[in-house]
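Work through the exercises below with the structure open. Try each task before reading its solution.

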Amino acid sequence: MDLGLRDRVYLVTGGSRGLGFAAAQALVADGARVVLSAPHEATASSAAARLAQDAAAAGTGTAGTAPAGTAPAGTAAWVVADNADPAAPGQLIAMARDRFGRLDGALISVGGSPSGTVATTPDEAWRSAFESVFLGAVRLARVLAEDLGDSGAAVGSRSGTGASIVFVLASSVRVPLAELAISNGLFPGLAGVVKTLAGELGPAGIRVNGVLPVRIATDRVRELDALRGDPDEVRARLSERIPLRRYGEPEEFGRAAAFLLSPAASYITGAMIPVDGGAISSI
């Protein structure tokens, strides 16, 4: 199936590792170009270089030179930025337009939140998480929507060429998670923002969706499993709670995210799409 991604350009926050990188890989594999953000230059530049190498090997890259902040083959660019930084949206959009000459949407990965109960989580942890997890994501979507609307990139949604924004959220949107009070407080709110934005931006041809990953086998999930004991044993035990009896692979998440961003999903907006192997028990 051709997703219609060739030569389209997407921002991917948190794109140097884990779910963000998996989504970037899927986008590039289908011919798209990406602008990654990450808090550290070394990881951002390394991830962009890997994407360019993958594209070159698959024949999906675009030949050209590589200015500072970009990867070879004209496939990926990168920006050192944090979602909590008010300047980040402008930096990412500028890189996309300067380097690739267009912008078609974004995967907004807000990252995880620290563990703790409501009673034990201090005010500062709430404030910090709100700035990065909630406000940073909302700000980027707002600024991006304004830019897409001004540029006319969103026009043409009936033929599937409109822009798309996807938020990477969490299963706490549907079911509260033990010892994750911040996630339980902020992610359902972000899901409400997604639904609201879908209504506000739909007339301009901009689609907005959320994706809910559960137990995807990233390095971060392995680190979290290791906090509970032997990570292999923890993975085996937790897999028994998932109807498909296994963790998801990063590329499985990446393909789902790429589909939602693509013109192939042109009539999907305001949705929360689980990528969970059936683990979320709520309807």
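**Exercise 1.** Which strands does helix α8 lie across, and at about what angle does helix α8 run to β6?

Solution. The model is a predicted one. Step 1: find helix α8, residues 250-261. Step 2: list the strands beneath the helix, which are β1 (9-13), β4 (105-109), β5, β6 and β7. Step 3: read the angle to β6, about 170°. For practice, repeat the steps with helix α5 (residues 181-201), which lies across β5 (164-168), β6 and β7 and runs at about 155° to β6.

**Exercise 2.** Give the order of the strands in the sheet and explain why one side of β3 and of β7 is left without a neighbour.

Solution. Step 1: write the order of the seven strands, β3-β2-β1-β4-β5-β6-β7, in an open sheet with parallel pairing. Step 2: look at the edges, where β3 (76-80) and β7 (272-275) stand. Each has a single partner strand, so one side of each has no neighbour in the sheet. Step 3: add the twist, which averages 20° from one strand to the next. Step 4: check one pair, β6 (residues 207-213) and β7, which are joined in the parallel sense over four bridges. In β7, I273 is the bridge partner of V211.

**Exercise 3.** Describe the largest nonpolar core and the contacts of L11.

Solution. Step 1: the core has 48 residues, and among those touching the most other members are L11, V35 and F167. Step 2: the elements that each supply at least two residues of this core include β1, α3 (88-100) and α4 (123-151). Step 3: beyond four places in sequence, L11 touches residues including V35, L92, A96 and L144.

**Exercise 4.** Is S172 buried or exposed, and which side chain makes a polar contact with the side chain of S172?

Solution. Step 1: locate S172 in the loop between β5 and α5. Step 2: compare its relative accessibility, 3%, with the cut-off for buried, under 20%. S172 therefore counts as buried. Step 3: the polar contact, at 2.7 Å, is with the side chain of S183. Step 4: outside its neighbours within four places in sequence, S172 is in contact with L177, S183, N184, F187 and P188.

**Exercise 5.** How many aromatic pairs does a search of the whole structure find, and why is the pair of F130 and F134 classed as stacked?

Solution. Step 1: the search finds one pair. Step 2: the ring centres of F130 and F134 are 5.2 Å apart and the planes are at 15°, so the pair is stacked. Step 3: both residues lie in helix α4, four residues apart, about one turn of the helix. Step 4: F130 is partly exposed at 36% relative accessible area, whereas F134 is buried at 18%.

Conventions: Residues numbered from 1 in each chain as written. Predicted model: local features only at pLDDT ≥ 70, side-chain atom pairs only at ≥ 80, totals over all residues. Heavy atoms only, no water. Pairing = 2+ DSSP bridges. Axes fitted to C-alpha atoms, helices over the stretch in contact; angles between N-to-C directions. Contact = heavy atoms within 4.5 Å. Core = buried A, V, L, I, M, F, W, Y, C linked by side-chain atoms within 4.5 Å. Buried < 20%, exposed > 50% of the residue type's maximum accessible area, 1.4 Å probe, protein only. Polar contact = N/O pair within 3.5 Å; in protein donor to acceptor, adjacent residues only side chain to side chain. Phe/Tyr/Trp six-rings, centres within 6.5 Å; stacked < 30°, edge-to-face > 60°.
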